[in-house]
Structures are given as C-alpha cells and as structure tokens.
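Work through the exercises below with the coordinates open. Each task is followed by a stepwise solution.

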Amino acid sequence: MASREQDKAMNGLLRQGLARDAATAQDCPQADVLAAYYQRSLDAEEATRWELHFSRCARCREQLAAMVRADEAAEAAPGRARERSWFANPWMLVPAAAAALAILLWVQFAPMMRSRQTGTAEVATAVQPAAPSVAPAGTVARKAASASSKVSPALAAPKPERRAQEADREARNHKAASLKDSGKREQFSTRVTLAESAPAVAAPPQESRKEGGEAVGAARIANVPPPPASAQAQYAPGVVGGVPGGQPQRPAAAPAVAPQQNQIPKQEARTNLSLLEGQAAKEDSQAMQKAPAAVAATGERTAAKAAASRLRTADERSGSRIIHSPDAKVLWRIASPGFVELSLDGGATWNGQEVDPNAELLAGASPGRKVCWLVGRNGAVFVTRDARTWNKVAPPAALDFVRVSAENDRAASVVSSDGQTFRTSDAGASWQPAE
Amino acid sequence: MTLSHTSELLRPETARRLLEKAAPLKEWSLTAEQFQIALERSAAQRFGAEAKAATSAKLSAYLEGLHLHDLALACACSGGNAAAWEHFVAAYRPELYRAARAIAGESGARELADSLYAELFGLREPEGRRKSLFDYFHGRSKLGTWLHAILAQRHVDEFRRTRKTDSLDDLEPGEERRESVAPAAPPDPERHRYLAMLQATLAAALAALEPRDRLRLAYYYVEELTLAQIGKLMGEHEATVSRRLERARRDLRRSVERALVEKQKLSEAQLRLCFEYACQEWPFDLTRALSARE
C-alpha cells in the first residue's frame with residue numbers, strides 16, 4: 001500500500017479517534033477560566049492543568065475553536081477597527097518595518113546623493129533610526145490606503161488591517177517556501193479562514209511575479225461566471241463552530257453573497273482596473289515631473305502600483321471563480337492564489353483550504369460532490385477526491401491552464417492559454433493532446 | 001465564599017487602593033465595600049479551598065493582575081447602577097451581537113445574544129437582591145473575552161444538544177454510494193481483527209500523547225482549525241504548530257506500527273493490510289465497521 005494511502009488512513013483514524021473525546025460537564029471550566037485561558041492570562045500551572053482537560057474534552061475544544069473563529073471573523077469584518085493593535089504581532093512588523101526603513105533611508109540619503117553629484121559638500125544629517133514601532137509601519141499602511149482611496153469604492157484597496165493580513169500571508173508564504181523542499185507543506189497545510197481570504201488581500205510574492213498587463217489574463221478565463229457586484233465579496237461572519245466527529249462544518253446562516261447576485265460584467269471590471277492602472281501611471285508621470293524634493297512620492301507610486309496589483313488580484317478573485325458541483329449546495333471558490341474555499345450550504349458560508357501556496361489558480365471544475373479539479377499558471381493542476389485533501393497532478397506541460405472540464409476524479413481535460421487542449425483518463429498519469 | 005483571613009490585601013484600604021487603580025467612572029457609584037466583595041469572590045474562585053493558605057505575595061500578584069476596570073464595571077452593573085449599565089451597553093452591546101453572529105450565524109445570533117443580555121441585566125430575587133450573570137465575572141480576563149466565552153459555551157452546548165450531522169456523506173437518493181461499512185461477507189476473515197487491533201493500538205497511542213500534542217492534533221483534525229488559529233490558542237507561532245504537528249503525527253504512526261509489529265506480531269504485509277482496510281472505511285468510522293460485523 002502506497003505511503004500516501006497510509007497517510008490518508010492515518011489522518012482519518014486520528015480524526016475519528018480524537019473526535020470521540022468526552023468529558024463530564026462538571027469537569028469543564030467556567031467561562032471566566034475559559035476566557036482567561038484564551039487570553040493567556042492564567043498562570044503556568046493553571047494553564048497546564050486546564051490544557052490536560054482540554055486535550056480530552058471535545059466540548060471545551062469546540063468552545064475554544066468557536067472563540068478563535070469568532071475573533072478572526074470579527075477582525076475580518078469590513079470597517080471594523082481592530083481591537084488589538086496591528087502591531088501586537090511582531091511577525092507582522094518585520095516586513096512592514098523593513099519597507100519603512102527602506103523608504104526612510106531613501107528619503108534621507110537621496111538629497112545627499114544628488115548633492116554629491118553636483119559637487120556640493122554637504123554633511124549628511126544623522127539618519128533617523130527606523131523605529132520598529134507603530135509610526136513607520138502605520139505610515140506605509142496609510143499611504144497605501146490613501147493611494148487606493150482615489151479609486152472606485154467598489155474596488156477599494158485594503159485597509160491597514162488588511163495589509164497586516166498581507167504581511168502575515170507573506171511571512172507564511174516565505175515559511176511555506178522554506179518548508180516546501182522538505183515536503184512538510186504536503187503534510188500539513190494552512191487552512192485559510194475567512195479572515196485570511198479577505199477579498200482585497202494578495203500575497204506579495206505573487207505580486208512580484210506579475211508583469212504589466214496581467215489584467216489581460218482575466219480575459220482568458222473562460223470557465224467562470226462573471227464577477228459579483230463587489231470585489232469585496234461579503235463573507236459570512238458566521239463560519240465558526242467546529243463540528244465534532246470530524247464532520248464538515250455545520251452551516252451557519254449568515255449574510256453572504258449568493259452566486260446569482262447582480263454582477264459587474266467582466267468588461268466593466270477590467271475597465272475599472274484599466275482606469276486604475278491608468279491613474280497610477282498618470283500619478284507616476286506627474287511625480288516624475290515634480291521637483292527632486294518630491295522624491296518621497298516614490299513611496300506613493302510604489303503604494304499605488306501595489307494597490308493596482310492587489311486590485312487586479314481582487315478582481316480576479318471577485319471574478320467569482322465559483323465552481324459549481326452537481327449538488328447545488330456544494331460550491332467551490334478560488335479565494336486567492338493557492339487557496340480555495342468550499343461551501344456546503346449553497347454559498348452562505350465558506351471554509352478555506354490551502355491547495356498550494358505557490359500555485360496561482362485560475363479555474364476549476366467539480367464533477368462530483370467531493371471531487372474538484374483546479375488548474376492555473378505554470379502547469380498547476382490539482383484534484384481532490386474527498387473535498388479535503390488536494391493532490392498535485394503532473395501536468396501535460398508547464399503551461400498556463402485557464403480552463404478545465406472533468407467527468408470524474410480521473411478523467412479531465414485542460415485548456416492552456418494558447419488554446420492547447422490535453423485530456424487524461426487516468427488522473428494525470430498520462431495526457432493526450434485533444435482536438 | 002468570603003475569605004476570613006486577615007491578609008493585608010483584603011483589608012478595606014487594600015480594596016480602596018485597588019478600586020482607585022480600577023478607575024471606575026464616578027457615576028457608577030461603586031463603593032469600596034462592593035469592590036472588596038467582588039475581589040474576595042474572585043480570589044475564592046481562583047484559589048478555592050486553598051485560599052486561606054495562599055501566600056500574601058501570591059494573592060497580591062493575583063489581585064494586581066486582574067482586569068480591575070472591567071471588574072469594577074461588572075460589579076457596578078451587578079449592583080444595578082444605571083450609569084454603569086448604560087456604559088456597558090454602549091461599549092459592549094455591539095460587540096456582543098457581533099460575536100454572537102460570528103459564533104452562531106445570523107439565524108441564531110439574536111436569540112443567543114438576547115438571552116445573554118437579559119441574564120447580564122439580571123433578575124431581582126424575592127429578597128430584593130439583583131442576581132446578575134455579572135456576578136460570575138471575576139476579572140481574570142477582559143470583559144469582552146469573557147462575553148465571547150459565554151456565547152461560545154452556550155452555542156456549543158445548544159449545538160451538542162440538538163446536533164444534526166450535515167455532511168457530504170449524506171447522499172441523495174440514487175447517488176452512487178461508496179461503501180462505508182464492512183461488506184456483509186468480507187473476503188478476508190481477518191479484516192475484523194485487523195481493524196480492531198488498529199483501533200485499539202491507535203487509542204493507546206493517543207492516550208499516551210503529551211496533552212499539548214493531543215490538543216494540537218485535536219484542533220487540527222477534529223476542529224479543523226488553521227495553523228494560525230491553533231497557534232493563537234496555544235501561544236505558538238504557526239510554523240511551530242506545523243512542526244510539532246508533523247512530529248506528533250510521525251511519532252504516533254511509528255508507535256502504532258511498532259506496537260502492531262512487536263506486540264501483535266504482524267508482518268509488514270499484514271501491517272499494510274491494516275491501513276488498507278482502514279482506508280476503505282469512509283469516513284473511517286471503525287466503530288461502525290466493527291459493529292456491523294456483530
């Protein structure tokens with residue numbers, strides 16, 4: 001028996017074995033202890049004692065899981081100010097502080113470099129140390145926000161809290177890349193929650209690979225319905241409450257976008273993007289014509305381009321890559337590069353799954369309730385047979401695949417961006433060119 | 001329970017000092033006596049029967065570490081102060097309903113939040129004293145976190161009480177069904193024995209796990225939390241969570257395989273059969289598979 005099948009068996013056995021945990025109610029802590037544990041304000045001895053209980057009590061674990069999901073859903077709610085400081089997590093500060101430091105150094109040293117070039121002897125003023133604190137990062141975030149505030153509200157750029165999520169995603173992607181070779185990411189994948197899959201978030205590594213005219217790629221996507229009315233698809237805030245026994249999540253009714261809502265035609269969405277890119281280019285041109293003292297606008301341009309890139313991604317995402325299965329209740333949605341979401345209640349609630357953090361998914365097809373094929377750039381082809389575990393399929397070629405159709409978990413056809421079609425009937429073990 | 005030992009920390013002047021530190025709004029009209037009762041109740045809840053034996057330093061550290069402002073608000077609300085209640089409503093009602101929506105979904109949120117809201121407001125008992133859920137807040141966490149915990153507890157309890165399964169495995173009539181129970185006449189008469197051995201061995205291995213490892217695995221496999229969420233609950237970075245999950249899973253598998261080979265005297269081929277039979281059971285409910293045999 002292949003090791004992968006043994007792994008699958010082990011995963012299932014673990015799920016069932018741990019789901020049967022039960023504890024008598026009188027052993028469970030009161031709400032104040034649960035809250036103190038969640039907030040990490042119990043002393044070490046007490047925390048250890050309660051963790052022993054939690055490790056064997058499905059009820060308490062469900063409660064803690066509900067709390068952490070509710071927290072993330074609340075943080076992801078549009079317009080809601082974060083209760084906790086964005087800067088509380090030092091991991092989020094690292095990329096933001098690095099960017100802030102680079103901008104500060106450029107601002108400080110650029111005049112000096114120009115004066116050297118003109119032969120003027122100037123003493124460089126002491127460079128202000130980049131404070132790894134709130135202000136620089138907040139400034140970067142505010143610049144990004146202000147740069148994007150000029151665009152259509154429907155395609156508004158991420159707020160500072162979203163940038164925190166982007167930075168978090170970047171840090172995770174770097175981690176994922178470092179673990180990729182060891183194969184560990186194939187073992188444990190980061191499941192995406194609603195907070196992580198906020199519509200306007202784009203992984204910066206993905207951005208770095210984007211080139212001009214990426215929005216054209218959206219035109220090539222022919223396998224998905226038009227995008228919804230808003231790029232900020234309304235995520236249901238109620239995706240919480242792990243279902244015990246390893247069952248999929250109990251559907252929690254919550255406000256959400258139904259797949260058939262009024263939708264911006266794709267052409268209009270691309271037009272919006274074109275306008276945005278044009279605006280960014282115009283700002284770029286205007287900035288170049290300004291006096292050297294305006295070199296600080298470099299940060300603005302960078303932020304505007306980044307915002308444009310994110311919006312492209314947001315539009316591609318809001319291109320509502322909703323993939324319908326034969327069951328009207330079971331829907332898939334490509335949430336962001338490398339991540340998909342599954343709904344078991346017709347789109348009312350969604351649960352995230354990581355397919356491959358380095359993959360840029362473009363289209364999918366679901367021939368069965370538990371079967372889904374995904375394709376994307378650079379030969380990305382994936383399939384799941386249990387609506388949970390994603391298997392990478394060897395592609396016919398390292399092409400950008402923009403469309404897929406499938407009959408079952410073994411037979412599928414993929415279409416590349418240059419119109420080539422390949423078909424497999426053995427789950428990708430072999431491919432044949434098709435007419 | 002009122003502590004009777006005469007620690008300096010629970011003297012009236014100590015309660016006044018902590019009340020001053022709590023900085024309640026003047027209009028809450030919270031007295032030092034009321035606050036002292038709340039502090040004593042909190043300490044009694046924490047230390048229980050050992051409260052009298054608690055050292056003064058330990059008790060002092062505990063009291064100083066409380067969320068005193070939130071405790072003062074809860075105390076004033078519990079006492080029926082209108083200004084305190086208005087402050088609570090303005091500061092926490094939106095969050096309460098938002099958390100309820102996040103936990104219970106739109107359909108269940110209002111009922112969940114309304115019932116909690118009413119209990120927080122409290123009922124006046126025949127003796128004239130108001131009994132409020134605020135009496136159970138002891139300042140060990142933020143008031144908002146405590147409210148979240150109550151909502152989560154109630155929602156989970158209600159869900160467990162009226163549990164329904166809604167699974168991809170609930171197949172529509174006529175839909176092709178993958179076998180999820182052992183066949184009536186299994187070709188291998190040892191199948192039942194292999195499954196039973198595997199289940200028992202895994203159960204023993206799980207029981208021997210370190211609590212945090214077990215908790216991490218349960219969060220991942222049963223609650224299906226993300227690595228980041230697990231990290232938040234356990235105070236670890238998600239990379240640490242991933243690494244420790246991998247190690248625990250690997251160690252578990254080795255433990256199971258070793259036990260099956262050494263104690264049950266299975267060959268490598270029989271070991272593979274164990275997993276193969278388990279893999280054939282979807283969704284790996286070995287209990288049901290084993291019961292079907294009986």
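This is a predicted model. Confidence therefore comes first.

**Exercise 1. Confidence in chain A**

Task: State how many residues of chain A, in percent, score at least 70, and examine two stretches with pLDDT under 50.

Solution.
- Step 1. The average pLDDT of chain A is 64, and 45% of the residues score at least 70.
- Step 2. Residues 290–296 of chain A stay under 50. The model gives this stretch five contacts beyond four places in sequence.
- Step 3. Residues 307–320 of chain A are also below 50. Here the model has 52 contacts beyond near neighbours in sequence.
- Step 4. Where pLDDT is low, the coordinates should not be read in detail.

**Exercise 2. Chain A in outline**

Task: Give the secondary structure count, the buried share and the contact range of chain A.

Solution.
- Step 1. Count the elements: chain A has twelve helices and twelve strands.
- Step 2. Of its 435 residues, 49% are buried.
- Step 3. Take contacts between residues at least 6 apart in sequence. Of these, 62% join residues at least 24 apart.

**Exercise 3. The sheet E5-E6-E7-E8**

Task: Establish the strand order in chain A, then find which strands stand at the edges.

Solution.
- Step 1. The order is E5-E6-E7-E8, an open sheet of four strands with antiparallel pairing.
- Step 2. The edges are E5 (361–365) and E8 (390–392) of chain A. Each has a single partner strand, so one side of each lacks a neighbour in the sheet.
- Step 3. From one strand to the next, the twist averages 25°.
- Step 4. E5(A) meets E6(A) (residues 372–376) through four antiparallel bridges. Ala363(A) has Val375(A) as its bridge partner in E6(A). Six residues link the two strands in a hairpin.
- Step 5. E6(A) meets E7(A) (residues 381–384), again antiparallel, over four bridges. Trp373(A) faces Val383(A) across this pair. Four residues lie between the strands of this hairpin, and Asn378(A) takes a positive phi near 55°.

**Exercise 4. The two faces of E6(A)**

Task: Sort the residues of E6(A) by the way they point, and decide whether they are buried or exposed.

Solution.
- Step 1. In a regular strand, side chains alternate between the two faces of the sheet.
- Step 2. Cys372(A), Leu374(A) and Gly376(A) point one way. Trp373(A) and Val375(A) point the other way.
- Step 3. Five of the five residues of E6(A) are buried.

**Exercise 5. E10(A) and its neighbours**

Task: Describe how E10(A) pairs with E9(A) and with E11(A).

Solution.
- Step 1. E9 (residues 401–406) of chain A pairs with E10(A) in the antiparallel sense, over five bridges. Arg403(A) is opposite Val415(A). The hairpin has five residues between the strands.
- Step 2. E11 (residues 421–424) of chain A also pairs antiparallel with E10(A), over four bridges. Ala412(A) bridges to Thr424(A) in E11(A). Four residues separate these strands, and Gly419(A) in the turn has a positive phi of about 90°.
- Step 3. E10 (residues 412–416) of chain A is mostly covered, with four of its five residues buried.

**Exercise 6. Two residues in helices**

Task: Is Trp50(A) buried or exposed? Is Arg61(A) buried or exposed? Find what each touches.

Solution.
- Step 1. Trp50(A) lies in helix H3 (residues 44–54) of chain A. It has 20 other C-beta atoms within 10 Å. The cut-off is 20 or more, so buried is the verdict.
- Step 2. Beyond four places in sequence, Trp50(A) touches Pro29(A), Val33(A), Tyr37(A) and Leu42(A). Pro29(A) is 21 residues away in sequence and 8.0 Å away, C-alpha to C-alpha.
- Step 3. Arg61(A) sits in helix H4 (residues 58–76) of chain A. With 26 C-beta neighbours inside 10 Å, Arg61(A) is buried.
- Step 4. Beyond four places in sequence, Arg61(A) touches Phe54(A). From chain B, Arg61(A) touches Ala218(B), Tyr219(B), Val222(B) and Glu223(B).
- Step 5. Asp21(A) is 40 residues from Arg61(A) in sequence, with a C-alpha to C-alpha distance of 9.8 Å.

**Exercise 7. A helix pair in chain B**

Task: Classify the packing of H1(B) against H2(B) and list the contact residues.

Solution.
- Step 1. H1 (residues 12–22) and H2 (residues 32–47) of chain B pack at about 95°, with axes 9 Å apart.
- Step 2. The two helices are therefore roughly perpendicular.
- Step 3. H1(B) contributes Pro12(B), Ala15(B), Arg16(B), Leu18(B) and Leu19(B). H2(B) contributes Ala32(B), Phe35(B), Gln36(B) and Leu39(B).
- Step 4. The contact residues divide into seven nonpolar, one polar and one charged.

Conventions: Residues numbered from 1 in each chain as written. Chains lettered and ligands numbered in written order. Predicted model: local features only at pLDDT ≥ 70, side-chain atom pairs only at ≥ 80, totals over all residues. Buried ≥ 20, exposed ≤ 12 C-beta atoms within 10 Å, placed from the backbone. Contact = placed C-beta atoms within 7 Å. pLDDT = per-residue confidence, 0-100. Axes fitted to C-alpha atoms, helices over the stretch in contact; angles between N-to-C directions. Parallel < 35°, antiparallel > 145°, perpendicular 65-115°, else oblique. Nonpolar A, V, L, I, M, F, W, Y, C, P; charged D, E, K, R; others polar. Pairing = 2+ DSSP bridges.
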